[in-house]
Amino acid sequence: MAMKKCSLPFAGTDEQEKALMAIIDKHREIPGALMPVLQQAQEVYGYLPIEVQDIIAREMKVPLSKIYGIVTFYSQFSLNPKGKYKISICLGTACYVKGAGEITKKFQEKLGIESGGVTPDGKFSVEECRCIGACGLAPVIMINDDVYGRLKGTDEEIADILSKY
């Protein structure tokens, strides 16, 4: 399994690394503590880049391949940072049958990124989700906490939505 490199350079701070080391120190001797360490590390950094995974692997004396396997298996973890504006496109059944797949492609094309990616300026990220809980408004997207429903997926509509951000 090849690792997909993030388009933004890693920009961890000394404060974040100190926080990570405190988390690791707290859990170092506890059997089975890898999940809480990963969860708390993601809270510190917002995602789990390979640089952070490498520190955790080294300090917890666990193979990096095991860390990477966990991070890529569980959907709660992200290998990429989220944009300032996180676009979540619902691909649940109601949304999908009403064209959410095409809407996803149009957002990807307009922003020049794939799902799970972030624009080079860190402004937008796009991710697919399974249900937003607004099936009556299908197809639906969310940008942070703003919900947009009954989308047509036209280039103009997408440009209008993005221009608000």
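Trainee: Which domains is the protein divided into?

Mentor: Domain 1 covers 14-73, and domain 2 covers 85-163. The bounds come from an automatic or database domain assignment. Keep in mind that the model is predicted.

Trainee: How far apart are the centres of the two domains?

Mentor: The centres of domain 1 and domain 2 are 31 Å apart, taken over C-alpha atoms. The C-alpha atoms of the protein fill a box of roughly 55 × 30 × 30 Å along the principal axes.

Trainee: What secondary structure does the protein have?

Mentor: There are 7 helices and 4 strands. Along the sequence the pattern reads α-α-α-α-β-α-α-β-β-β-α.

Trainee: What makes β1 and β3 a pair?

Mentor: Pairing needs at least two bridges between two strands. Strand β1 (residues 85-90) and strand β3 (residues 141-143) are joined by 3 bridges, so they pass that cut-off and count as paired. The two strands run antiparallel. Ile89 stands opposite Ile141 in β3.

Trainee: In what order do the strands form the sheet?

Mentor: The order is β2-β1-β3-β4, in an open sheet of 4 strands. The pairing is mixed.

Trainee: Why are β2 and β4 called edge strands?

Mentor: β2 (124-129) and β4 (146-148) each pair on one side only. Pairing takes at least two bridges, so on the other side neither strand has a partner that meets this cut-off. Neighbouring strands of the sheet are turned by 20° against each other on average, direction ignored.

Trainee: How do you know that helix α6 packs on the sheet?

Mentor: Helix α6 (residues 100-111) touches β1, β2 and β3. Contact means heavy atoms within 4.5 Å, so the helix has atoms within that distance of each of these strands. The direction of α6 makes about 155° with that of β1. Angles run from 0 to 180 degrees between N-to-C directions, so a value over 90 means the two point in broadly opposite directions.

Trainee: How many cavities of 30 Å³ or more does the structure hold?

Mentor: The structure holds 2. The second largest has about 30 Å³ of space.

Trainee: What makes a space a cavity, and which residues line the second largest one?

Mentor: A 1.4 Å probe fits inside but cannot get out. The lining consists of Pro81, Lys82, Lys86, Gly116, Gly117, Ser125, Val126 and Glu127. β2 gives the largest share, 3 residues.

Trainee: How does that lining divide by class?

Mentor: It has 2 nonpolar, 3 polar and 3 charged residues. Gly counts as polar, so Gly116 and Gly117 belong to the polar class.

Notes:
Residues are numbered from 1 along each chain as its sequence is written. This is a predicted model: local features need pLDDT of at least 70, side-chain atom pairs count only at pLDDT 80 or more; totals for chains, interfaces and linings use all residues. Side-chain values use heavy atoms; hydrogens and water are left out. On a 1 Å grid over the protein atoms alone, a cavity is a set of points where a 1.4 Å probe fits but cannot get out, and a pocket is an open set with protein on both sides within 12 Å along at least five of seven lines; lining residues have an atom within 4 Å of a point. Grid points are joined across faces, edges and corners, and a volume is the space filled by probe spheres set on the points.
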